[in-house]
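Please find below my notes on the model you sent, set out as numbered points. They deal with the bound ligands and with some backbone details that deserve a second look.

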Amino acid sequence: MSQVLIVDHPLIKHKITILRDVNTGTKDFRTLVEEIAMLMCYEALRDLPTTLVDVTTPITATKQPMISGKKLAVVPILRAGLGMVNGILELVPSAKVGHIGLSRDEVTHRPHEYYSNLPENVDQRLVILPDPMLATGGSAIQAVDFIKSKGCTSIKFMCIIAAPEGLEALRKAHPDIDIYVGTLDEGLNENAYIVPGLGDAGDRIFGTL
Ligand code: PRP
Ligand code: URA
């Protein structure tokens, strides 16, 4: 069964508040995005299957759980999703990494795809799709459309801040995926930016303000 989880953990909330601050510089912003991604990934992977394996401790032989099931792929939505990748790889270092490049048109706010590169056998993997911002939902919906078109059936979308409009749109378009949200904001402004939000996540991560 798919799920939508607003993670809402005090550590995540605290770090998001610092992210929001217009005075937080690029270096701290990048570090915080990575840390939040790691904390969210911990929650998002709570349902990974495990299987018992034989292990011998200094005391005795025993059967203990190890992660089993599908291997993982992390597929960030460029650019801003890249900022979350290292935090996720801290927890799952053997995951393969793919990329989907989407950028929103400034006037229509519709996403435009400019690059994609997915790992081999991605259809047999659990795909984690990180992007810090879920605003109108257009980018996330297009990214999931694309990943599904490659045969992927296990998808977890992860964002740091969501607008209710975007969350609703993504759920409606893709009710079968899991969605993890750091915090849910008030809504969108006339430029389809999240309010109160944190501004343009890509610009703040890469210092292109
Ligand atoms: C931002 C963000 C999402 C998208 C969200 O990317 O990282 O991908 O906007 O908006 P949406 O939900 O309305 O589609 P942007 O297009 O600004 O590109 P960037 O990451 O390269 O800055
Ligand atoms: N993209 C961003 O980076 N920020 C927003 O608030 C909306 C879209």
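1. Ligand 2 sits in the largest pocket of this predicted model. The residues that surround ligand 2 are Arg104, Met133, Ala135, Ala192, Tyr193, Ile194, Gly199, Asp200 and Ala201, and by class this shell divides into 6 nonpolar, 1 polar and 2 charged residues.

2. Which backbone atoms approach the oxygen and nitrogen atoms of ligand 2? A polar backbone atom of Ile194 is 2.8 Å from an oxygen atom of ligand 2, and a backbone N or O atom of Ala201 likewise lies 2.8 Å from an oxygen atom of the ligand. With Gly199 the ligand takes part through a nitrogen atom, which is 2.8 Å from a backbone N or O atom of that residue. On its own ligand 2 has 240 Å² of accessible area, of which the protein covers 89%.

3. Ligand 1 also sits in the largest pocket, the pocket given above for ligand 2. The elements that contribute two or more residues to the shell around ligand 1 are β7 (99–104), β10 (133–134) and α4 (138–149), and it is β7 that supplies the largest share, with 3 residues.

4. How many residues surround ligand 1, and which are the closest? The shell holds 16 residues, the closest being Arg104, Asp131, Thr136, Gly137 and Ser139; its composition by class is 6 nonpolar, 6 polar and 4 charged residues. Arg104 deserves attention when the site is inspected, since Arg104 is among the residues that surround ligand 2 and is also listed among the closest to ligand 1.

5. The polar contacts of ligand 1 involve side chains as well as backbone. An N or O atom in the side chain of Asp131 is 2.4 Å from an oxygen atom of the ligand, and a polar side-chain atom of Ser139 lies 2.6 Å from a ligand oxygen atom. From the backbone, a polar atom of Ala80 is 3.0 Å from an oxygen atom of ligand 1. Taken alone, ligand 1 exposes 500 Å², and the protein buries 92% of that area.

6. Most peptide bonds are trans, and two bonds in the model should be checked against that background. The bond from Leu78 to Arg79 is cis, with omega near -5°, and Arg79 lies in the loop between β5 (77–78) and α3 (82–91). The bond from Val195 to Pro196 is also cis, with omega near 0°, and Pro196 is found in the loop between β14 (194–195) and α6 (201–206).

7. A further backbone point concerns the sign of phi, which is negative for most residues other than glycine. Asp8, although not a glycine, has a positive phi of about 45°, and Asp8 is found in the loop between β1 (4–6) and α1.

8. Where in the chain are the two partners of the salt bridge between Lys15 and Glu35? A search of the whole structure finds 8 salt bridges, and one of them joins the side chains of Lys15 and Glu35, with an N to O distance of 2.7 Å. This pair links distant parts of the chain, as Lys15 belongs to helix α1 (residues 10–20) and Glu35 to helix α2 (residues 26–44), with the two positions 20 residues apart.

How values were computed
Residues numbered from 1 in each chain as written. Chains lettered and ligands numbered in written order. Predicted model: local features only at pLDDT ≥ 70, side-chain atom pairs only at ≥ 80, totals over all residues. Heavy atoms only, no water. Near = heavy atom within 4 Å. Polar contact = N/O pair within 3.5 Å; in protein donor to acceptor, adjacent residues only side chain to side chain. Areas by Shrake-Rupley, 256 points an atom, 1.4 Å probe, with all protein chains shown as cover. 1 Å grid on protein atoms, 1.4 Å probe; cavity = no way out; pocket = protein on both sides within 12 Å on 5 of 7 lines; lining within 4 Å. Sits in = over half its atoms within 2 Å of the grid points. Helix = DSSP H or I, 4+ residues; strand = E, 2+ residues; numbered from the N terminus. Nonpolar A, V, L, I, M, F, W, Y, C, P; charged D, E, K, R; others polar. Salt bridge = Lys/Arg side-chain N within 4 Å of Asp/Glu carboxyl O.
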